[in-house]
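Student: I'd like a close look at a single part of this structure rather than a tour of everything. Please pick one spot and show me how it sits among its surroundings.

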Amino acid sequence: MTLMHTTLAAVALSALALPLAARADPCKVEISGNDVLQYDKRELAVPATCKEITVTLHHSGTQPREAMGHDWVLVKTADLAAVDQAGLSAGLANNYVAPGDKRVLAHTKVIGGGETTSVTFSASLLSRGGDYSYLCTFPGHSALMHGKFRFG
Ligand SMILES: [Cu+2]
């Protein structure tokens, strides 16, 4: 193959790769937590055209859920501290989310190192451009483990 043919093939390949990437579902997002109280993203964003949203949480560490568990809880930013506080008394058996807490818009369970979980929820709970945040409600984690959730 000549150099020109190789270049043309590379251009053709990258042109193919673009539509494939664009086909990834923008309503499905992923985030990881580690063993040192960090999410790997400070912000998640989904378009307001999504009807249903799926958030997948990975725990990239090795610590058990009892020691370094993480969850992903979506709230209005104004409710973050109160939801975190209510979750504290709910305990690990309730994934540190107070049962029936209406301020919780969506949440995963608490997972430990090496585990993955996800939550799928209706976007009808959200308003375009609203001020939303996510946090980890495991005791003591939210100060470091929180971020902005953008819808729209
Ligand atoms: Cu955590």
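Tutor: What follows starts from one helix and works outward to the core and the sheets.

Two things before we dive in. This is a predicted model, where local features need pLDDT of at least 70 and side-chain atom pairs count only at pLDDT 80 or more, while totals for chains, interfaces and linings use all residues. Residues are numbered from 1 along each chain as its sequence is written.

For context, the protein chain has three helices and eight strands. Helices here are DSSP runs of H or I with at least four residues, strands are E runs of at least two, and both are numbered from the N terminus. In order, the elements go α-β-β-β-α-β-α-β-β-β-β. Our spot is α3, residues 80-90.

Val 83, Asp 84 and Gly 87 are the buried residues of α3. Buried means 20 or more other C-beta atoms within 10 Å of the residue's own, exposed means 12 or fewer, and partly exposed is in between, with C-beta atoms placed from the backbone. Looking down the axis of α3, the buried residues fall within an arc of 100°, so they line one face of the helix; that arc is taken from the directions between the helix axis and the C-beta atoms. Flip to the other side and you find Ala 81, Gln 85 and Ser 89 exposed. Just past α3 comes Gly 91, with a positive phi near 80°.

So what sits over that buried face? The cover includes β4 (73-76) and β7 (132-135). Have a look at Ser 142 too, in the loop between β7 and β8. Ser 142 is buried, with 23 other C-beta atoms within 10 Å. Leaving aside neighbours within four places in sequence, Ser 142 is in contact (C-beta atoms, placed from the backbone, within 7 Å) with Asp 84, Leu 135, Cys 136 and Thr 137. Ser 142 also lies 8.9 Å from Leu 80, C-alpha to C-alpha, though the two are 62 residues apart in sequence.

β4 and β7 belong to an open, mixed sheet of five strands, ordered β2-β8-β7-β4-β5. Strands count as paired if DSSP finds at least two bridges between them. The edges are β2 and β5 (106-107), each pairing on one side only. β2 and β8 run parallel over four bridges, and Leu 44 has Phe 149 in β8 as its bridge partner.

Both covering strands feed the largest nonpolar core, too. That core has 27 residues, with Trp 72, Val 73, Leu 74, Val 75 and Tyr 134 making the most contacts inside it; β2 (43-46), β3 (52-59), β4, β7 and β8 (146-151) each supply at least two of its residues. Such a core is a set of buried Ala, Val, Leu, Ile, Met, Phe, Trp, Tyr and Cys residues joined through C-beta atoms within 7 Å. Follow Tyr 134 and, beyond neighbours within four places in sequence, its contacts are Leu 44, Trp 72, Val 73, Leu 74, His 146, Gly 147 and Phe 149.

Terms used. Two residues are in contact if their C-beta atoms, placed from the backbone, lie within 7 Å.
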